[in-house]
Amino acid sequence: MAIDDKTRTELEAAAFRRLVDHLRERTDVQNIDLMNLAGFCRNCLSNWLKDAADAQGVSLSKDESREAVYGMPYETWKSKYQGTATPEQIEAMKKVHPHGH
């Protein structure tokens with residue numbers, strides 16, 4: 001199916017918003033688990049959003065891009081939902097991302 005660029009962009013934006021909504025609802029899923037299983041996390045998504053803004057010359061700070069993804073200030077999300085990584089999670093992260101995240 002051929003779709004025009006405007007429609008493709010609208011569909012991609014809708015999918016992005018749905019992904020962000022899903023991640024906001026799934027506060028039980030830790031970022032380290034996302035990294036270990038999918039190779040990206042909420043922080044990655046917020047960084048990609050900031051990169052896109054920078055490429056378009058749109059002013060968006062790191063804090064603003066994180067709030068756009070988390071739905072609240074990052075520090076608030078961390079204090080409410082982020083648990084302490086287990087040794088097993090950290091070891092898995094080292095295997096998946098040996099040069100760090």
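1. In this predicted model, C44 is buried, with a relative accessible area of 10%, and C41 is likewise buried, at 1%. The sulfur of C44 has that of C41 as its closest cysteine sulfur, at 4.0 Å, and because a disulfide requires the two sulfur atoms to lie within 2.5 Å, this separation is too far for a bond. In keeping with this, a search of the whole structure finds zero disulfides.

2. The same kind of search, made for salt bridges, finds six in the whole structure. One of them joins the side chains of D5 and R8, with a distance of 3.8 Å from N to O; both residues belong to helix 1 (residues 5-25), where they stand three residues apart, about one turn of the helix. At 55% relative accessibility D5 counts as exposed, whereas R8, with a relative accessible area of 34%, is partly exposed. This pair does not stand by itself, since D5, R8 and E12 are linked in a network of salt bridges.

3. A further salt bridge is formed by D54 and K50, whose closest N and O atoms are 3.0 Å apart. Both lie in helix 3 (residues 42-55), and because they are four residues apart there, about one helical turn separates them. D54 is partly exposed at 43% relative accessibility, and K50 is also partly exposed, at 22%.

4. D28 and R26 form another of the salt bridges, with 2.7 Å between the closest N and O atoms. For R26 the relative accessible area is 35%, which places this residue among the partly exposed ones.

5. Turning to pockets, the largest has a volume of about 210 Å³. Its lining consists of 14 residues, of which Q30, N31, I32, Q82 and A85 are the closest to the centre of the pocket. Two elements, helix 2 (31-38) and helix 6 (87-96), each give two or more residues to this lining, and the largest share, three residues, comes from helix 2. As to chemical character, the lining residues comprise eight polar and six nonpolar, with no charged residue present.

6. On annotation, an unreviewed UniProt entry places the feature "domain: SMc04008-like" at residues 29-95. In the model this span is 72% helix and 0% strand, and the C-alpha atoms at its two ends lie 20 Å apart.

Note on methods
Residues numbered from 1 in each chain as written. Predicted model: local features only at pLDDT ≥ 70, side-chain atom pairs only at ≥ 80, totals over all residues. Heavy atoms only, no water. 1 Å grid on protein atoms, 1.4 Å probe; cavity = no way out; pocket = protein on both sides within 12 Å on 5 of 7 lines; lining within 4 Å. Points joined across faces, edges and corners; volume = space filled by probe spheres on them. Nonpolar A, V, L, I, M, F, W, Y, C, P; charged D, E, K, R; others polar. UniProt positions renumbered as here; feature names shortened; annotations may be inferred. Buried < 20%, exposed > 50% of the residue type's maximum accessible area, 1.4 Å probe, protein only. Salt bridge = Lys/Arg side-chain N within 4 Å of Asp/Glu carboxyl O.
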